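Dear colleague,

I am passing on the structure below, together with notes on what turned up when I went through it. Please have the coordinates open while you read, as the notes follow the features one after another.

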Amino acid sequence: MAIEFTSMAPIILVTIVLLWQAALTGYAFVLAGNVADKAARAGATADTVQESPDQACRRAGREDLPGGWTARIDCRPDGDMFLVEAHVDVPVLFPGGMNFPLTITSKAAAAKES
């Protein structure tokens, strides 16, 4: 019995690591969507007296980004719309360490409010 467990332990550990990495990748998709949506809404409703729409967009997008996660947020007005593209990096095993060369991208838009 001990011999079977010893030979299966590496397979079980690798399976657990792969499942955890898949969960982190899925969470990156959720984060990218949330960051883009929140940033677009903030940019569209920004009070230009206090801060520019671009600054409001980036600030709002980073507010809900958990520590250790990295993202690039591109904000820009386009006519009556405010467009955002969020790029969230997928970490290797835990946020704050190395990142895969994989970036999850999400786009969002919101109508400008006056």
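Which two cysteines form a disulfide, and how far apart are their sulfur atoms? Before the reply, please keep in mind that this is a predicted model, and that every value here is computed from it. The partners are cysteine 57 and cysteine 75, whose sulfur atoms lie 1.9 Å apart, which falls within the 2.5 Å cut-off and therefore counts as a disulfide. The count by this rule comes to 1 disulfide. The pair links distant parts of the chain, given that cysteine 57 belongs to helix 2 and cysteine 75 to strand 1, with their positions 18 residues apart in the numbering. As for handedness, the torsion about the S-S bond of cysteine 57 and cysteine 75 is about -75 degrees, so the disulfide is left-handed. Both cysteine 57 and cysteine 75 are buried.

The sheet comes next. It is an open sheet of 3 strands in the order 1-2-3, and the pairing is antiparallel. Strand 1 and strand 3 (99-111) are the edge strands, each of them pairing on one side only, and neighbouring strands are turned against each other by 15 degrees on average, with direction ignored. Between strand 1 and strand 2 (residues 81-91), which run antiparallel, there are 8 bridges; proline 77, for instance, has phenylalanine 82 in strand 2 as its bridge partner. Helix 2 packs on this sheet, where it touches strand 1 and strand 2, and the direction of helix 2 makes about 145 degrees with that of strand 1.

Last, the aromatic rings: a search of the whole structure finds 1 aromatic pair. Its members are tyrosine 27 and tryptophan 69, which sit 5.4 Å apart centre to centre with 75 degrees between their planes, an edge-to-face arrangement. This pair, too, links distant parts of the chain, since tyrosine 27 is in helix 1 (residues 2-44) and tryptophan 69 is in the loop between helix 2 (53-63) and strand 1 (71-78), 42 residues apart. Is each ring-bearing residue buried or partly exposed? Tyrosine 27 has 36% relative accessibility and so counts as partly exposed, whereas tryptophan 69, at 9% relative accessibility, counts as buried.

With kind regards

Key. Residues numbered from 1 in each chain as written. Predicted model: local features only at pLDDT ≥ 70, side-chain atom pairs only at ≥ 80, totals over all residues. Heavy atoms only, no water. Phe/Tyr/Trp six-rings, centres within 6.5 Å; stacked < 30°, edge-to-face > 60°. Helix = DSSP H or I, 4+ residues; strand = E, 2+ residues; numbered from the N terminus. Buried < 20%, exposed > 50% of the residue type's maximum accessible area, 1.4 Å probe, protein only. Pairing = 2+ DSSP bridges. Axes fitted to C-alpha atoms, helices over the stretch in contact; angles between N-to-C directions. Contact = heavy atoms within 4.5 Å.
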